[in-house]
Amino acid sequence: MTLVELAGVTYTYPGAQEAALKDVGVTILAGEMVVLAGLSGSGKSTLLRVINGLAPHFHGGSFAGEAHVAGLDTRANGPAELAAHVGTLFQDPETEVILGTPRAELAFPLENRGWGSGAVARAVEETALALGIEALLDRRSDTLSGGELQRVALGATLVGRPALVCLDEPTSQLDPVAGDELIGLLRRLNEDTDLTVILAEHRLERCLMAADRVIGLDRGRISFDGPPAEFLEWALTHAPRLVTPGAQMLAGVGLDPVAGVKAGRASLRAAGYRFGSKSGASEPADAPRAREPTEAPSTAQAPRTARSRRSRDSGDAPALRFVNVWHELKAGPVLLRNVDLQIAPGERVALMGRNGAGKSTLLRHAAGLMDPTRGKVQVAGRVALLLQNPGDYLVHDTVDAELRGRAASYEHFGLAQLAKRHPRDLSGGERQRLALAIVLGHEDDGPPPAVICLDEPTRGMDRAARDELCVLLRSYEGAVLLATHDPELAAEFAQRVVLLAEGAVIADGTPAAVLGGGIYFSTETARIRAGLDALDHLAANAALLPAQGVAVLKDARAAIRQVGT
Amino acid sequence: MIYRPRPSPLHAASAGVAILWCVTLLTAALVSANPIWLATLVIVVCGAGVLAGVSAQMLACLRFALPLAVVICLINALVTRDGLTVIWRFGDLPVLGQTDVTLQASVYGAVLGLRAVVIVLVAALYSVAVDPDDVLGLFRRFSFRSALSAAIATRMVPVLLSDSHRLADAQRCRPGAPAGRVQLLRATTAGVVDRALDVAATLEVRGYALAHQKPHPHQDFTDRRPTRRLRWRLSVGPARARATRQDLGFLASAVAVLVTTLLGRFLDATSFNAYPRLVLPGVAITVGACAVLAVVSLFPFLDRRGVGS
């Protein structure tokens, strides 16, 4: 049964010069799980907003073509009418959970539709049980963590049992555990209840294995439509930035790219790679069809473990030091527990942990926005802090005014040509670069900061913008402390990873040591190659990124040949 | 300045009645310029805040409102040419021209400032003591079709506050001279509109505009007696189907405040003329009216039955 049918849809936001969607035609069947893939500005969110009726009913603008959802013409039926059939979950859970308690939040859409109190109570209870949020129902919404808020918002989306849910980067603010749980939950609902899911996501490695179909978008047009494996094959040549790390690794050793860890390992086994006892017996099988190895992207680099260890063990004064730092709220929980941490000058440290683990609090202590209740924070100079929302730094009318008339000197930030633009008109990546330039300051402001702290700077960013930010940060000579939920970013950028849980440091080591053997806090490459028999086990354990994974696989291939001879 | 459930009569009253009560206090402040009357209103609203258990929030709000009142007073004194009793001559000032500060303009400026304090305090009391979820439901009941207006009306204050805190933190992280207050205010306001749009989009996709349309087949009609349909339903949800004793108390208080205000005006007890000379009615009758106002405004707080400890 056809649930969504778009034909020749062209949509332009009010005041925009260019259409956000151009002649889009797509049909989605009931029970499909579809992933929308594309860089920022490709039209993923707009496509979802056309399906749920926000475009054009809420946003305005010009709309051409035909769009039918669950048999309703979206021109004639607005978001409220479509809400009975389409549930929508946006990116930011804080603006999606509107009411004071999750119980009221879940009841709200049903009350809007005129359900009686008995039916509402039953539906709320059942949905809460299905999503595992029954313990949260009567808590105040403002006491919930990001992951909990997102589950409550998902509950409010699903409580009316829509035939279709549209999700716009729902995992971008979630830690790896909550993100994987959410995708797993969607897959389970898709399989158990035939729920149709349309999911726009930047972190494709997280969701492709759960999808039946991928629709690629590029500058408002559909560039690809097919199964995930074919998408990855296509993306290797047409959209390299959309290729998942696991697929990059497989392609690097001449195998067909596949989505997900399980499929990746199966592909390696089928190609004759051996895995240790933990991963099951190796199963040499028919070699897959030959293909030319594809070079993995060169952005990857080997972990600079030696430098990191040297920095910490040397007698140099640290750039930033937390000495037994505690932060206990007067009538609340402990936010930081005895954090004892130091960061050497020039060291790049990634701070990871679940939502609410204390990452942002630690950064705020570093920058002096919060004071410890016990212990002390020592800094060897100024600390620049880039908070989660770069828009909070932007209060002037032009980029040049934000940089106090010195935009021309920020050529390497790519801001010189944006000098006359209004900060609110910039893309997410441009805003982030501008905010970074602001907090770093100009040489006239005094010496550069000794440490830059960044709080989830890449959330909601596509890989292109993320890579640009990494290049900028690498050019900075001071220490960098970066809180992130993205293990791929941590592995690529950091020399050291610190894992926090409930305000305490629970792991501190090289990326290989902390991310190498994990399930959630680990890269896709590491998860695929876990347990692989390799000649150089040390190198195998350190392989977190596709290029490193390719090297390890070649090493493993050599081992197999050695055994064979 | 965010709503938190508390065991107080005002918190226990339904949103519709609580809003009505707040509106009558605002009306009382707007219809009379008598300084004794307005000072009484300041005391009444502060007292209500204390009795509702939100004194800390009211105090914080007063810290913002008092300087505002002083500014209003100064501006009125400087720009108003009316009044016969000159208390200071500034001479010929740029832009303002010949500037004489009169006693009448100064007093009337103080009255305007006092009125502004009442308005700010009542708005603060509304924000911290009236459940925004109930207000949202109430708007739905009255078929407010615009989700954006509902989002702004019910979420403006908490969003404004959280955004201003975030913005202030970000500005503290900027090296060099901090941004000006006007720029910060503009950025905060723009941010509030952005956030209100996000919230409004969420309300739309949750079917907010569908309220009061056709009932869903799942709706249960277990109680369809005409009396039930006729009974007050001043708030949302089955638990609020009947008017509580707090509803009755605050409704009676609102009516009494309104009657007192109108009577005070009709009997000239709360009148005040600033120009050209200060003219106050008899102090006794004004004080009497103010005493009545204080009693009728605060009496619902005495009944704490059913609101918890």
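Biologist: How many bridges join strand β11 of chain A to β12(A), and do they run parallel or antiparallel?

Modeller: This is a predicted model, and in it β11 (residues 320–328) of chain A is joined to β12(A) by 6 bridges, with the two strands running antiparallel. One pairing within that stretch sets H327(A) against L336(A) of β12(A).

Biologist: Which sheet has β12, β11 and β14 of chain A in its order?

Modeller: They make up an open sheet of 3 strands in the order β12-β11-β14, paired in the antiparallel sense. Its edges are β12 (334–343) and β14 (374–379) of chain A, each of which pairs on one side only, and the twist from one strand to the next averages 20°.

Biologist: Switching strands: is β17 of chain A buried or exposed?

Modeller: Strand β17 (residues 479–483) of chain A has 5 of its 5 residues buried, so it is largely enclosed by the rest of the structure.

Biologist: Which residues of β17(A) point one way, and which the other way?

Modeller: A479(A), L481(A) and A483(A) point one way, while V480(A) and L482(A) point the other way, and all of these are buried. That fits the general pattern, since side chains in a regular strand alternate between the two faces of the sheet.

Biologist: And what does β17(A) pair with?

Modeller: Strand β13 (residues 348–353) of chain A is joined to β17(A) by 4 bridges and runs parallel to it, with A350(A) standing opposite L482(A). Strand β16 (residues 451–455) of chain A also pairs with β17(A) in the parallel sense, over 5 bridges, and there D455(A) stands opposite A483(A).

Biologist: Stepping back, how many helices and strands does chain A come to?

Modeller: The secondary structure of chain A comes to 22 helices and 19 strands. Its radius of gyration is 24 Å, close to the 24 Å given by the globule rule for 565 residues, so chain A is as compact as a globular protein of that length. The C-alpha trace spans about 70 × 65 × 50 Å along its principal axes, and buried residues make up 56% of the 565 residues.

Biologist: What share of the contacts in chain A comes from residues 24 or more positions apart?

Modeller: Such residues account for 68% of the contacts in chain A that have a separation of 6 or more.

Biologist: Where does E94(A) lie, then?

Modeller: E94(A) lies in helix α4 (residues 93–96) of chain A, and it is partly exposed, because 19 other C-beta atoms lie within 10 Å and the buried class begins at 20. From C-alpha to C-alpha, E94(A) and D400(A) are 31 Å apart in space, and they are 306 residues apart in sequence.

Biologist: Now the contact between the chains: how many residues does it take from each?

Modeller: The contact takes 39 residues from chain B and 43 residues from chain A. On the side of chain B that touches chain A, the elements giving two or more residues are α6 (132–141), α7 (147–172) and α8 (181–205) of chain B, and the largest share, 11 residues, comes from α8(B). By class, that side of chain B has 18 nonpolar, 8 polar and 13 charged residues.

Biologist: Staying in chain B, at what angle do the axes of α10 and α11 cross?

Modeller: The axes of α10 (residues 245–266) and α11 (residues 283–298) of chain B come within 9 Å and cross at roughly 170°, and the two helices are therefore roughly antiparallel to each other.

Biologist: Which residues meet there?

Modeller: S253(B), A256(B), V257(B), T260(B) and G264(B) in α10(B) meet A289(B), V292(B), L293(B), V296(B) and S297(B) in α11(B). The residues of this contact divide into 6 nonpolar and 4 polar, with no charged ones.

Terms used
Residues numbered from 1 in each chain as written. Chains lettered and ligands numbered in written order. Predicted model: local features only at pLDDT ≥ 70, side-chain atom pairs only at ≥ 80, totals over all residues. Contact = placed C-beta atoms within 7 Å. Nonpolar A, V, L, I, M, F, W, Y, C, P; charged D, E, K, R; others polar. Rg over C-alpha atoms; globule rule 2.2 N^0.38 Å. Buried ≥ 20, exposed ≤ 12 C-beta atoms within 10 Å, placed from the backbone. Axes fitted to C-alpha atoms, helices over the stretch in contact; angles between N-to-C directions. Parallel < 35°, antiparallel > 145°, perpendicular 65-115°, else oblique. Pairing = 2+ DSSP bridges.
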